[in-house]
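Student: Please take me through the metal site in this structure. I would like one connected account, with the wider setting added afterwards.

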There are 2 protein chains.
Amino acid sequence: MFYANMKEFELIKLVERLFGDEDVITPAGKHDAAYVKIGNRLIVLTCDTVNEKSDFPPYMLPEEMGWMAIAVTLSDVAACGARPLYFLSSISLKSIEFFEDILLGIKRCADRFGVKVVGGDIDFSEITTIAGFAIGEARRHITRRGAKVGEGVFITDLPGKAQLCLEMLERGAKREELPYAEKLYTPVPRIEEGMRIARYASAMTDVSDSLAVSLHQISQSSNVKIVLDNIVLSHLSPAENALELFLYGGGDFELVYTAKSSDDGIRIGRVERGKGVFAEIDGKTFEVEFRGYSHF
Amino acid sequence: MFYANMKEFELIKLVERLFGDEDVITPAGKHDAAYVKIGNRLIVLTCDTVNEKSDFPPYMLPEEMGWMAIAVTLSDVAACGARPLYFLSSISLKSIEFFEDILLGIKRCADRFGVKVVGGDIDFSEITTIAGFAIGEARRHITRRGAKVGEGVFITDLPGKAQLCLEMLERGAKREELPYAEKLYTPVPRIEEGMRIARYASAMTDVSDSLAVSLHQISQSSNVKIVLDNIVLSHLSPAENALELFLYGGGDFELVYTAKSSDDGIRIGRVERGKGVFAEIDGKTFEVEFRGYSHF
Ligand SMILES: [Mg+2]
Ligand SMILES: [Mg+2]
Ligand SMILES: [Mg+2]
Ligand SMILES: [Mg+2]
């Protein structure tokens with residue numbers, strides 16, 4: 001995992017240019033998942049891939065690889081406030097011996113959220129890769145667009161925990177020394193929270209790359225300025241780069257959303273007229289960059 | 001591409017054991033795609049992955065990689081006699097320069113079949129890999145189970161063409177020397193044919209691994225014996241291993257199905273009481289093995 005120049009987002013623009021005018025409610029590139037109508041149902045469709053090289057931290061067990069593959073895909077369903085219904089996966093295996101454990105991890109996460117695993121595909125590769133595909137049903141159409149001036153910015157839990165653990169591992173820590181190992185190895189998609197929040201929030205997305213990226217996406221889609229005025233770093237102490245982890249760390253899979261008020265999350269900022277993402281710390285304001293964990 | 005011990009099918013049995021009792025119409029492992037109900041609609045869900053190492057023949061252009069990724073996924077939708085509606089893909093790139101061409105290939109195939117490309121995911125890998133997910137709507141529930149004694153066995157076009165080309169390439173042929181280059185580089189999913197055939201056929205599947213594998217799957221699922229009594233090899237001459245290519249060659253993406261009669265395909269055999277798959281040639285009968293092109 002590394003910080004990079006966010007080429008991925010340049011590529012997403014290309015996707016939007018080619019497919020953005022498809023006649024669907026929300027097409028490729030505009031939200032965490034696509035919204036389409038099937039009969040009179042509002043359905044969300046999303047896919048996400050994890051692989052050994054970019055996504056699996058040291059000490060990860062095969063069962064956790066399976067869990068992570070479905071969890072990150074369901075996180076995008078959660079970002080629609082939708083109930084996930086079905087999951088499929090394309091698994092590229094390095095070694096057949098991992099296969100059953102990967103499936104068991106997928107099943108454990110699917111069972112927890114009442115998701116039916118209905119299909120898949122098996123392949124062989126030097127790099128263990130799991131492409132997940134989920135379908136869910138939404139009550140209403142909530143995306144990154146819709147944040148309103150005067151609202152608060154909320155998050156389901158304070159960010160930076162997964163990245164903190166990852167950096168500790170990179171500096172030689174053992175798994176059992178990590179303060180938030182479960183955030184890194186078995187992230188929990190915020191399904192129930194998302195379904196509750198979607199009833200009243202104006203915009204929502206999940207935090208996969210970083211809080212900064214997610215807020216920039218809400219800011220750009222909603223055409224508003226976002227100011228983080230309640231940055232809490234105590235959960236990241238004694239890390240020296242706590243602010244960096246909070247803003248730019250990836251892998252938390254929390255939901256960040258805008259609303260007048262909320263009992264489901266922690267208020268971290270406010271929506272203002274204008275553009276961009278800013279942070280206020282000790283009376284000083286600085287611009288939050290568009291960057292975070294990236295696959296490139 | 002190579003013939004192997006079909007370990008993939010052992011792994012599918014494991015999937016069936018873990019997920020086979022999910023409360024859906026047709027679950028993982030039983031057909032080319034899963035059938036589920038969304039509202040009052042009969043929906044099929046399927047995923048398929050192609051990668052540079054196992055699936056992309058020499059001389060393949062990036063646009064053809066994109067085409068192939070969606071085409072093989074839609075082929076499983078065709079095997080349900082369903083109309084494909086939406087497509088998503090997870091693309092793992094080796095080089096960013098291929099990205100636009102891959103997307104263009106996906107778009108060209110999607111446009112041809114009226115499929116909407118609604119999402120995707122981009123990743124980076126040493127091996128270019130495209131995982132495709134498709135959703136379609138079926139009229140009725142047709143699977144590999146349902147073939148009846150006395151019916152004929154039909155195929156939308158004679159098999160072995162893709163494998164013939166691949167073997168010619170392996171022996172040093174140039175792309176322009178191939179008799180069926182389009183079968184190898186831009187296979188066409190039999191969407192319209194599948195929708196027509198599903199109205200009257202009793203069982204159907206596509207030929208991805210080999211005709212032999214597809215027929216064994218119909219035979220096992222339907223609990224019948226299949227006898228190939230009209231093996232035509234002229235399209236494969238002057239290959240010395242024409243029968244091998246016909247029975248065990250992969251990558252044709254034709255539909256094979258059983259029906260009383262059919263104007264949509266070529267009659268190649270018959271359904272009898274019993275078990276297994278057999279071929280009759282020049283008055284001699286031999287058993288057709290369960291093997292074909294495999295990813296393992
Ligand atoms: Mg997301
Ligand atoms: Mg995602
Ligand atoms: Mg198939
Ligand atoms: Mg397939």
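Tutor: What follows starts at the metal ions and then moves outward. Keep in mind that this is a predicted model.

Start with the magnesium ion (ligand 1). Its donors are Asp32(A), Asp76(A) and Asp206(A), each through OD, at 2.1 to 2.2 Å. Along the sequence the donors follow the spacing D-x43-D-x129-D. Asp32(A) sits in the loop between H1 and E2 of chain A, while Asp76(A) sits in helix H2 of chain A. That pair links distant parts of the chain, 44 residues apart.

Now the magnesium ion (ligand 2). Asp48(A) and Asp76(A) coordinate this ion through OD, at 2.1 to 2.3 Å. Asp48(A) belongs to strand E3 (residues 41–51) of chain A, and Asp76(A) to helix H2 (residues 62–78) of chain A. Here the two residues are 28 apart, again joining distant parts of the chain.

What do the two ions share? Asp76(A) coordinates both. The magnesium ion (ligand 1) and the magnesium ion (ligand 2) are 3.7 Å apart.

Are these donors buried or exposed? Asp76(A) has a relative accessible area of 8%, so it counts as buried. Asp32(A) is buried at 9% relative accessibility. Asp48(A) is buried too, at 13%. The cut-off for buried is under 20%.

Strand E3 leads on to the interface. E3 is among the elements of chain A that give two or more residues to the side touching chain B. Others on that list include helix H1 (7–19), strand E2 (34–38) and helix H3 (99–112). In total, 60 residues of chain A are in contact with 59 residues of chain B. On the chain A side, the residues divide into 32 nonpolar, twelve polar and 16 charged.

Interface size is often expressed as the accessible area lost when the parts come together. Chain A and chain B bury about 5,300 Å² between them. Carbon and sulfur atoms carry 69% of that area. Eight residue pairs are in polar contact between chain A and chain B, both residues being at pLDDT 80 or more. Four salt bridges cross the interface of chain A and chain B. Glu126(A) and Lys53(B) meet in a salt bridge, at 2.9 Å from N to O.

Oppositely charged side chains can pair when their charged atoms come close. Over all chains the structure holds 40 salt bridges. In one of them, Lys183(A) pairs with Glu254(A), with the closest N and O atoms 2.3 Å apart. Lys183(A) lies in helix H5 (residues 181–185) of chain A. Glu254(A) lies in the loop between helix H8 (242–248) and strand E10 (255–259) of chain A, 71 residues apart from Lys183(A). Both partners are buried: Lys183(A) at 12% relative accessible area, and Glu254(A) at 0%. Chain A also has a network of salt bridges that links Lys225(A), Asp229(A), Arg267(A), Arg270(A), Glu272(A) and Glu280(A).

Finish in chain B, with Arg291(B). Its side chain meets Glu244(B) in a salt bridge at 2.9 Å, N to O. Glu244(B) is in helix H8 (residues 242–248) and Arg291(B) in the loop between strand E13 (284–287) and strand E14 (293–294) of chain B, so the pair ties together parts 47 residues apart in sequence. Arg291(B) also meets Glu289(B), at 3.0 Å, N to O. Glu244(B) is partly exposed at 24% relative accessible area, and Glu289(B) is partly exposed at 44%.

Technical notes:
Residues are numbered from 1 along each chain as its sequence is written. Chains are lettered from A and ligands numbered from 1 in the order in which they are written. This is a predicted model: local features need pLDDT of at least 70, side-chain atom pairs count only at pLDDT 80 or more; totals for chains, interfaces and linings use all residues. Side-chain values use heavy atoms; hydrogens and water are left out. Donors are N, O and S atoms within 2.8 Å of the metal (3.2 Å for Na, K and Ca); water is not among the atoms, so sites may look incomplete. Helices (H or I, at least four residues) and strands (E, at least two) are DSSP runs, numbered from the N terminus. Buried means under 20% relative accessible area, exposed over 50%, partly exposed in between (1.4 Å probe, protein chains only). Contact means heavy atoms within 4.5 Å. Buried area is the accessible area (1.4 Å probe) that two parts lose on being put together, summed over both. A polar contact is a pair of N or O atoms within 3.5 Å; within protein, one must be able to donate a hydrogen and the other to accept it, and residues adjacent in sequence count only if both atoms are side-chain atoms. Ala, Val, Leu, Ile, Met, Phe, Trp, Tyr, Cys and Pro count as nonpolar, Asp, Glu, Lys and Arg as charged, and the others, Gly among them, as polar.
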